[in-house]
Amino acid sequence: MTTGSWLLLTAGVLLMFSLGWTAWTLTRLRRLAGRVRRAWVVLDAALLRRAELAVAIAATCAAELGRPAADDLAAAAAGARSPAAGDREAAENALGRELRRVPNAMLPSGAEDADVRVGLARRFYNDAVRDTRALRRRRLSRLLRLHARRPWPRYFDIDDGQDAVVGAHAGDGRPAG
Amino acid sequence: MRIGLVCPYRWDVPGGVQYHVRDLAETLRGMDHHVEVLTPAEREEFLPEHVTFSGRAVPVPYNGSMAGVQFGLVSAARARRWLREGHFDVVHVHEPASVSLSLLVCMIARGPIVATFHAATTRSKVLAALGPWARPWLERINGRIAVSDFARRVQVEHLGGDAVVIPNGVHVPAFATGPSLPGHRRGAQAPTIGFLGRYDEPRKGLPVLLDAMRSVVADHPTVQLLVAGRGDPDELEALVGEDLRPHVTLLGELTEADKTAFLRSVDVYCAPNLMGESFGVVLVEAMAAGAPVVASDLDAFTRVLEDGAAGLLVRRGDPADLATGLSALLADPDRRAGLSAVGARVAAGYDWSVVARRILAVYETVALPGGGAVTASTDENGALLGPTPSAQRDDATSGPFRRRVRR
């Protein structure tokens, strides 16, 4: 074969390969977008549940907590429940701080579980975001502008007392990794 | 909840992952969940109820025993059928980052997938090599669990994902109550020290313990060291030497029941390991059996013993430090009772009922309410499931390759 046909063949093979790769990567990106969306639904529900618990605590334990503390808790819960307030992470952090101030004896039975669920959901959500970002940052994905118009997924970073989830025991705050 | 567990290693071969899957399945069933297991095995007939045969595994030597690797069209077809008939709310695969049934299920399943990483040091090399290739399928996993901080670190470094740490479970009640070994009773005249593990492996640290014993014997002339585990008795004989011979008893390999009795019989349990422990289940078992623990200060042990609150930590590989610790503990029954009480409390946190509840929380986090069950991909190759599954050793790449093109 002549040099020309060799070149043509190589170009053809390369084209086929890049088409296949693009299709495959688009599938992966679509699937990851679904994963991020589902993880967010779960995280959102877990956060709302925690906020509702905080409202309940503020209402039922107002006397034990004292007026200013109960009001602060109710305000933080309200802030976390209205996403229109802007910075959701800051609002959730404020709620988390207020909740940690509540003495353990006053927490209802589901409180610890709600905290653990928030920790799990946040971790799985960030995991999905990390996987998506890793794939979208690949050189070829960027070059071909795959999903370039989709919003860049954001991590959700709050201080959720995650040692209870990460470590074998609560209060074990050694950094891992 | 309907849960599908996937064990990548042969069910009929003893191993940590297999035990984990078996115990998790039993515990979850006890909590009224429907649990099915998919696993390779040597013979289909010997599998218990609710355990589905995925095919014979190609044996690969791994970590001293034979682990099964299974990857082919017939396995894929069996996995597909299992997923389709199971209607699982969540599928939980174990050790998916290797060429295994677990990775295969990750490729096929559509829906919530949870994965547990049980890392061992030898494995991380495989993981480093395979990680990037398995990534497209591993990124379908919705929730990742690591059994220890070490496993989590391996996972973070090689696969670039995070994981929730949920430790291995232990059947605490099975260790807490029961008979002692005949002839040995805790608190008897002659104090006993227990060692469990492959005694001919230097990294398990028996030579250090024997060195330490020479000083301990000077303080406590009646002390007995009980050695349980696999190994070459003649080698041990040579290692012990004349001076220690009356103080060392070799029990050999113990059955599960004898092991619990052994841990209940010793006055002190000693884990002088030098390295390479990812988690240290045996420490939890010893604590569950009420034995005060003396262990070397490996990261994993330090964590299980809560920085020395639940057991005595000594410098690894230092016979003098170990001897001091052992002698002091043997001379102080109150301290032993205290450690034993704290140990029992710590061990309770590792009981399967607690661990399974934490795993269940992960399931509930990934499985959206009303989000639908796990299904299999649409590819149909049920024809391969004819009466004679002869295509077992199919070209290993054909499965994933086909999938890559189809979608």
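This tour moves through a predicted model of two chains, A and B, one selection at a time.

**Chain A**

Begin by selecting chain A on its own and colouring it by secondary structure: it has seven helices and zero strands, so that from the N terminus on the elements read α-α-α-α-α-α-α. Of the 177 residues in this chain, 30% are buried. If you display its contacts with a separation of 6 or more, 73% of them link residues 24 or more positions apart. Next, centre the view on A:Ala54, which, once its neighbours within four places in sequence are left aside, is in contact with A:Leu73, A:Ala76, A:Ala77, A:Leu95 and A:Leu99.

**The nonpolar core**

Keep A:Ala54 selected and add B:Val105, B:Cys106, B:Val268, B:Leu283, B:Val293 and B:Leu326, because these are the residues with the most contacts inside the largest nonpolar core, a set of 152 residues joined through C-beta atoms within 7 Å. Helix H1 of chain A, residues 3-60, gives the most to this core, with twelve residues. In chain B, at least three residues come from each of domain 1 (2-169 + 352-406) and domain 2 (172-348).

**The seven-stranded sheet of chain B**

Now hide chain A and select the strands of the open sheet in chain B whose order is E3-E2-E1-E6-E8-E9-E10, seven strands with parallel pairing. Strand E3 (51-53) and E10 of chain B stand at the edges and have a single partner strand each, so one side of each is left without a neighbour in the sheet. Within the sheet, look at strand E1 (residues 2-6) and strand E2 (residues 34-39) of chain B, which run parallel and are joined by five bridges; B:Ile3 has B:Val35 as its bridge partner in E2(B).

Two helices that pack on this sheet are worth adding to the selection. H5(B) touches strand E8 (113-117), E9 and E10 of chain B, and its direction makes about 130° with that of E9(B). H14(B) touches E1, strand E6 (90-94), E8, E9 and E10 of chain B, with its direction at about 165° to that of E9(B).

**Where the chains meet**

Bring chain A back and select the contact between the chains, which takes 26 residues from chain B and 27 residues from chain A. On the side of chain B that touches chain A, strand E9 (143-146), helix H5 (149-159), strand E10 (164-165) and helix H14 (352-366) each supply at least two residues. Coloured by residue class, this side of chain B shows nine nonpolar, six polar and eleven charged residues.

**The six-stranded sheet of chain B**

Finally, turn to the open sheet of six strands in chain B, ordered E13-E12-E11-E14-E15-E16 and parallel in its pairing. Its edge strands are E13 (248-252) and E16 (312-314), each of which pairs on one side only. On average, and with direction ignored, neighbouring strands of this sheet are turned by 25° against each other. Helix H9 (residues 256-265) of chain B packs on the sheet, touching strand E11 (192-196), strand E12 (224-228), E13 and E14, and its direction makes about 145° with that of E11(B).

Which way do the residues of E11(B) point? B:Thr192, B:Gly194 and B:Leu196 point one way and B:Ile193 and B:Phe195 the other way, and all are buried. E11(B) pairs with E12(B) in the parallel sense over five bridges, and B:Phe195 stands opposite B:Val227 in E12(B). As a last stop, select strand E14 (residues 268-271) and strand E15 (residues 293-296) of chain B, which pair in the parallel sense over three bridges, with B:Tyr269 opposite B:Val293 in E15(B).

Methods:
Residues are numbered from 1 along each chain as its sequence is written. Chains are lettered from A and ligands numbered from 1 in the order in which they are written. This is a predicted model: local features need pLDDT of at least 70, side-chain atom pairs count only at pLDDT 80 or more; totals for chains, interfaces and linings use all residues. Two residues are in contact if their C-beta atoms, placed from the backbone, lie within 7 Å. Helices (H or I, at least four residues) and strands (E, at least two) are DSSP runs, numbered from the N terminus. Ala, Val, Leu, Ile, Met, Phe, Trp, Tyr, Cys and Pro count as nonpolar, Asp, Glu, Lys and Arg as charged, and the others, Gly among them, as polar. Two strands pair if DSSP finds at least two bridges between them. Axes are lines fitted to C-alpha atoms, for helices over the stretch in contact, and angles run from 0 to 180 degrees between N-to-C directions. A residue is buried if 20 or more other C-beta atoms lie within 10 Å of its own, exposed if 12 or fewer, and partly exposed in between; C-beta atoms are placed from the backbone. Domain bounds come from an automatic or database domain assignment.
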